[in-house]
Amino acid sequence: MTINPNSGAEISLTEAKSLVNAFRTKFPKEIKASFVGVNNLNLILQQPNCIGVRIYNGYDAILGRFAQVLVGVDATGKDLTNGVIIDRLDPCPSVCDPIVHYTIKSE
């Protein structure tokens with residue numbers, strides 16, 4: 001596998017809604033989204049040799065819900081496990097878009 005610092009792609013609002021709604025249909029009782037602040041993202045991204053972030057799906061057995069784990073990745077595709085690893089993101093519901101938190105809102 002070749003790791004690419006340009007991995008990922010911009011998608012349309014329609015595609016985003018389809019993905020989000022499919023998840024919510026399959027997992028209606030799970031958290032809908034998670035928020036991580038720029039300061040914590042920068043802690044990962046500013047590590048030496050970091051070219052991106054890998055987001056692992058996890059499960060918090062104490063809270064009984066999905067959890068995301070963020071870790072930096074180097075140019076060889078290896079996780080920077082000796083560096084900053086982020087969890088404890090703010091979940092939605094509770095920290096949600098104040099206007100619409102059950103669907104991605106249109107612009």
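The legends below describe three close-up views of a predicted model.

**View 1. Gln68 and its surroundings in strand 3.** Gln68 belongs to strand 3, which covers residues 65-74. With a relative accessible area of 19%, Gln68 counts as buried, because the cut-off for that class is under 20%. The side chain of Gln68 makes a polar contact of 2.6 Å with the side chain of Ser34. When residues up to four places away in sequence are left aside, Gln68 touches Ile31, Ser34, Ile55, Tyr56, Ile86, Asp87 and Leu89.

**View 2. The largest pocket, with a volume of about 360 Å³.** This pocket is lined by 18 residues, of which Lys32, Ala33, Ser34, Asn57 and Gln68 are the closest to its centre. Two or more lining residues come from each of helix 1 (13-26), strand 1 (33-35), strand 2 (50-60) and strand 3. By residue class, the lining of the largest pocket consists of 12 nonpolar, 4 polar and 2 charged residues. Ser34 and Gln68, whose side chains are joined by the polar contact shown in the preceding view, are both among the residues closest to the centre of this pocket.

**View 3. The second largest pocket, holding about 250 Å³ of space.** Its lining is made up of Thr2, Ile3, Asn4, Pro5, Ser7, Ile51, Gly52, Val53, Arg54, Ile55 and Val73. Strand 2 makes the greatest contribution to this lining, giving 5 residues. The lining of the second largest pocket divides into 6 nonpolar, 4 polar and 1 charged. Ile55, one of the residues that line this pocket, is also among the residues that Gln68 touches.

Notes. Residues numbered from 1 in each chain as written. Predicted model: local features only at pLDDT ≥ 70, side-chain atom pairs only at ≥ 80, totals over all residues. Heavy atoms only, no water. Helix = DSSP H or I, 4+ residues; strand = E, 2+ residues; numbered from the N terminus. Buried < 20%, exposed > 50% of the residue type's maximum accessible area, 1.4 Å probe, protein only. Polar contact = N/O pair within 3.5 Å; in protein donor to acceptor, adjacent residues only side chain to side chain. Contact = heavy atoms within 4.5 Å. 1 Å grid on protein atoms, 1.4 Å probe; cavity = no way out; pocket = protein on both sides within 12 Å on 5 of 7 lines; lining within 4 Å. Points joined across faces, edges and corners; volume = space filled by probe spheres on them. Nonpolar A, V, L, I, M, F, W, Y, C, P; charged D, E, K, R; others polar.
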